[in-house]
Amino acid sequence: MIKSMTGFGHAEKVTGQQKITVELKSVNHRYLDLNIKMPRKFNMLEGQVRSLMKQYMQRGKVDVFINYEDYTGGGVALKYNHDLAAAYLGYLQQMADEFGLENDVRVSALSRYPEILTMEEQTVDEEELWKSLEEPLREACEKFVETRTREGQHLREDLLMKLDGLDEMVRRVEARSPEVVRIYREKLEQKVRDLLQDSQIDDNRIAAEVVLFSDKICNDEETVRLHSHILGMKKMLEEQESVGRKMDFMAQEMNREANTILSKSSDLEVSDIAIGLKTEIEKIREQIQNIE
């Protein structure tokens with residue numbers, strides 16, 4: 001089943017010690033572009049996050065938001081720099097002696113001096129951290145794929161309807177072509193009669209001219225290829241893998257065939273149908289841009 005490149009997924013895992021929230025959302029993109037925003041504590045896991053997500057998606061610009069709340073406060077520790085505090089006190093006492101001032105420094109004031117007391121992150125167990133993140137990340141990815149699949153079903157139905165309409169237009173071109181040749185023959189015969197003033201008409205010469213005209217406007221190859229491309233695109237819509245790029249390439253080929261039919265045409269009705277073909281193919285291409 002085809003998937004849309006537009007999707008959304010959300011999951012969270014809450015325990016007595018922590019809360020991890022994962023949110024995914026995506027828009028169209030030619031390739032897979034993962035934009036991951038997460039706390040610095042999780043930076044070491046970026047490679048594993050990317051590897052896991054690639055199991056669920058192949059194309060699209062995907063924004064990934066990972067939020068983390070630690071309820072224990074155990075992730076950081078307060079560090080006291082004794083040597084720096086002693087240096088501060090030494091210089092303050094020196095200033096007091098040199099200028100005849102009272103040294104009124106209190107502990108509360110000294111503790112606010114730069115780098116005396118600092119918060120230091122504790123060593124993180126990478127394996128345990130990944131265990132905590134993997135579950136909500138997978139859940140968010142699964143929900144993300146579900147929304148893409150639902151949207152993909154709507155795209156599939158719309159494309160099948162458009163392809164059926166396209167196929168009918170190609171059949172109209174095929175049905176009109178013999179009529180174009182017949183009309184040309186009648187006009188040619190009438191023109192010859194007018195020129196020869198009802199003299200003997202050389203049927204063989206007329207037939208030869210009609211054959212040349214038929215070869216010039218013949219679009220059998222183009223219509224056969226269009227039928228084939230339409231059938232091929234319908235089969236792609238049933239595939240499980242990512243088909244967006246293949247379908248886009250096929251739509252370009254279909255547009256090329258429609259252009260050829262239009263350039264060969266000397267008949268207003270066929271030209272109108274060919275323009276309609278190009279218009280519908282462009283609509284199909286626009287929809288294909290949304291397919292993964």
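This report describes a predicted model of one protein chain, from its overall make-up to its sheet, its charged pairs and a few single residues.

## Overall make-up

The chain has 292 residues, of which 35% are buried. Its secondary structure comes to 8 helices and 6 strands. From the N terminus on, the elements run β-β-β-α-β-β-α-α-β-α-α-α-α-α. The sequence thus opens with three strands and ends with five helices.

Contacts reach far along the sequence. Take those between residues at least 6 apart: 80% join residues at least 24 apart. The accessible surface comes to about 17500 Å². Carbon and sulfur atoms account for 50% of that surface.

## The four-stranded sheet

Four strands form an open sheet in the order β1-β2-β4-β3, with mixed pairing. Strands β1 (7–14) and β3 (32–37) are its edges, each pairing on one side only. Neighbouring strands are turned by 10° against each other on average, direction ignored. Helix α1, residues 46–53, packs on this sheet and touches β2, β3 and β4. The direction of α1 makes about 140° with that of β3.

Strand β4 takes part in both senses of pairing. Against β2 (residues 18–27), β4 (residues 60–70) runs antiparallel, over 10 bridges. Within β4, Asp63 is the bridge partner of Lys25, and Ile66 stands opposite Val22. Against β3, β4 pairs in the parallel sense, over 6 bridges. Leu34 stands opposite Val62 of β4.

## Salt bridges across the chain

The structure holds 22 salt bridges. One of them joins the side chains of Glu135 and Lys13, at 3.5 Å from N to O. Glu135 lies in helix α4 (residues 126–196) and Lys13 in strand β1, so this pair ties together parts that are 122 residues apart in sequence. Both partners are partly exposed: Glu135 has a relative accessible area of 48%, and Lys13 is at 23% relative accessibility.

A second pair is Arg148 and Glu292, with the closest N and O atoms 3.2 Å apart. This pair also links distant parts of the chain: Arg148 is in helix α4, Glu292 is in the segment after α8 (268–288), and 144 residues separate them. Both Arg148 and Glu292 are buried.

## A buried lysine without a partner

Lys3 sits in the segment before β1. Lys3 is buried yet has no salt bridge. Which side chain of opposite charge is nearest to Lys3? That side chain is Glu292, 4.6 Å away. A salt bridge needs nitrogen and oxygen within 4 Å, so the 4.6 Å between Lys3 and Glu292 falls outside the cut-off. Glu292 does form a salt bridge with Arg148.

Lys3 touches residues far along the chain. Not counting residues up to four places away in sequence, its contacts are Val145, Arg148, Thr149, Gly152, Gln240, Asn290, Ile291 and Glu292. Both members of the Arg148–Glu292 salt bridge are thus among the residues that Lys3 touches.

## Helix α7 and a charged network

Helix α7 covers residues 244–264 and includes Phe249. Is Phe249 buried or exposed? At 53% relative accessibility, Phe249 counts as exposed, because the cut-off for that class is over 50%. Phe249 and Arg285 are 36 residues apart in sequence, with their C-alpha atoms 9.3 Å apart in space.

Arg256 and Glu253 also lie in α7, 3 residues apart, about one turn of the helix. They form a salt bridge whose closest N and O atoms are 2.4 Å apart. Arg256 is partly exposed at 44% relative accessibility, and Glu253 is partly exposed at 21%. Elsewhere, salt bridges that share partners join Glu221, Glu222, Arg225 and Glu257 into one network.

## A positive phi angle

Glu115 is found in the loop between α3 (107–110) and β6 (117–121). Its phi is near 70°, a positive value in a residue other than glycine. Glu115 counts as exposed, at 53% relative accessibility.

Technical notes:
Residues numbered from 1 in each chain as written. Heavy atoms only, no water. Pairing = 2+ DSSP bridges. Helix = DSSP H or I, 4+ residues; strand = E, 2+ residues; numbered from the N terminus. Axes fitted to C-alpha atoms, helices over the stretch in contact; angles between N-to-C directions. Contact = heavy atoms within 4.5 Å. Buried < 20%, exposed > 50% of the residue type's maximum accessible area, 1.4 Å probe, protein only. Lys, Arg positive; Asp, Glu negative; His and termini not counted. Areas by Shrake-Rupley, 256 points an atom, 1.4 Å probe, with all protein chains shown as cover.
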